[in-house]
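Subject: Structure handover

Hello,

Here is the structure I said I would pass on. My notes on it follow below.

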Amino acid sequence: MEREWVVEESVAIGADSREVYAAVADPRRMREWSPEVFAVWVRGRAVVPGLRFVGFNRIGWRLWFTSCRVTAAVPGQAFAFRVSSFGMPVALWGYRVEDIGGGSTRLTEYWEDLRRGGRGAALVSVLGRLFTGVPAAHRAEVNRAGMRATLDRIRTGVAG
């Protein structure tokens with residue numbers, strides 16, 4: 001099987017696009033949605049491009065942290081952030097928010113693996129396996145399952 005470098009999943013949510021955006025664009029709420037994130041430390045208040053935060057994550061007994069920087073914050077439309085580890089690029093995570101009419105919104109979560117032969121790619125892949133227990137080649141399938149869980153939690157939490 002060929003390695004997947006980009007994964008995305010979508011869900012329809014019975015809520016306004018601005019309400020959905022508000023739920024996903026606040027890093028402080030990530031622990032409510034993500035099956036891996038258990039805490040977030042945010043440096044700053046306003047969610048704007050450039051905002052930095054640290055995500056604390058867990059799979060089973062394994063714990064790790066990632067440094068994140070918001071790259072897109074467009075209310076009602078898009079939220080994205082780059083993830084790095086020890087200054088090396090790891091991934092791009094984001095959400096596209098789309099009004100689909102009738103008071104509903106399509107929310108798409110996406111992930112792109114940035115460990116593609118650039119600066120420190122091999123090292124950060126080894127560190128990823130060491131800290132998360134997931135080999136880089138299998139990260140896409142783990143993330144796909146996590147996205148489905150995340151989107152379901154958001155759908156349930158926002159639509160009530």
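By class, the residues lining the largest pocket divide into 22 nonpolar, 13 polar and 4 charged. Please keep in mind that this is a predicted model.

The pocket

The lining comprises 39 residues in total, and those nearest the centre of the pocket are Glu 36, Trp 64, Thr 66, Trp 93 and Arg 139. The space in this largest pocket comes to about 730 Å³. Several elements contribute at least two lining residues each: helix H2 (30-33), strands E3 (52-59), E4 (62-74), E5 (78-85), E6 (88-101) and E7 (104-113), and also H3 and H4. Of the lining, H4 provides the largest share, with 6 residues.

Salt bridges

The count of salt bridges in the model is 12. One of them pairs Glu 4 with Arg 144, where the closest N and O atoms are 2.6 Å apart. This pair links distant parts of the chain, since Glu 4 sits in the segment before strand E1 (6-13) and Arg 144 in helix H4 (residues 139-159), 140 residues apart. Glu 4 has a relative accessibility of 26% and therefore counts as partly exposed.

Arg 144 also forms a salt bridge with Glu 9, at 2.9 Å from N to O. Here too distant parts of the chain are linked: Arg 144 belongs to helix H4 and Glu 9 to strand E1, with their positions 135 residues apart. Glu 9 counts as buried because its relative accessibility is 15%, and the limit for buried is under 20%.

Another salt bridge joins the side chains of Glu 112 and Arg 116, with an N to O distance of 3.7 Å. Both partners have intermediate accessibility: Glu 112 is partly exposed at 27%, and Arg 116 is partly exposed at 44%. Apart from that pair, salt bridges with shared partners connect Glu 4, Glu 9, Arg 144 and Arg 148 into one network.

Surface patch and helix H3

Phe 65, Phe 86, Leu 130 and Phe 131 make a nonpolar patch of about 420 Å² on the surface. Leu 130 lies in helix H3, which spans residues 121-132. With a relative accessible area of 56%, Leu 130 is exposed, because the class begins at over 50%.

Leu 127 is also placed in helix H3. Is Leu 127 buried or exposed? Its relative accessible area is 17%, so Leu 127 is buried. Helix H3 therefore carries both a buried residue, Leu 127, and an exposed one, Leu 130.

Two distances

For orientation in the model, two C-alpha separations may be of use. Leu 127 and Gly 14 lie 40 Å apart in space, C-alpha to C-alpha, and are 113 residues apart in sequence. Gly 101 and Glu 141 are 40 residues apart along the chain, and their C-alpha atoms are separated by 31 Å. Gly 101 is a residue of strand E6 and counts as partly exposed, at 34% relative accessibility.

Regards

How values were computed. Residues are numbered from 1 along each chain as its sequence is written. This is a predicted model: local features need pLDDT of at least 70, side-chain atom pairs count only at pLDDT 80 or more; totals for chains, interfaces and linings use all residues. Side-chain values use heavy atoms; hydrogens and water are left out. Patches are made of residues with over 30% relative accessible area and no salt bridge: like charges are joined within 9 Å, nonpolar side chains (Val, Leu, Ile, Met, Phe, Trp, Tyr) within 5 Å. Accessible areas come from the Shrake-Rupley method with a 1.4 Å probe; for residues, only the protein chains shown count as cover. A salt bridge is a side-chain nitrogen of Lys or Arg within 4 Å of a carboxyl oxygen of Asp or Glu. Helices (H or I, at least four residues) and strands (E, at least two) are DSSP runs, numbered from the N terminus. Buried means under 20% relative accessible area, exposed over 50%, partly exposed in between (1.4 Å probe, protein chains only). On a 1 Å grid over the protein atoms alone, a cavity is a set of points where a 1.4 Å probe fits but cannot get out, and a pocket is an open set with protein on both sides within 12 Å along at least five of seven lines; lining residues have an atom within 4 Å of a point. Grid points are joined across faces, edges and corners, and a volume is the space filled by probe spheres set on the points. Ala, Val, Leu, Ile, Met, Phe, Trp, Tyr, Cys and Pro count as nonpolar, Asp, Glu, Lys and Arg as charged, and the others, Gly among them, as polar.
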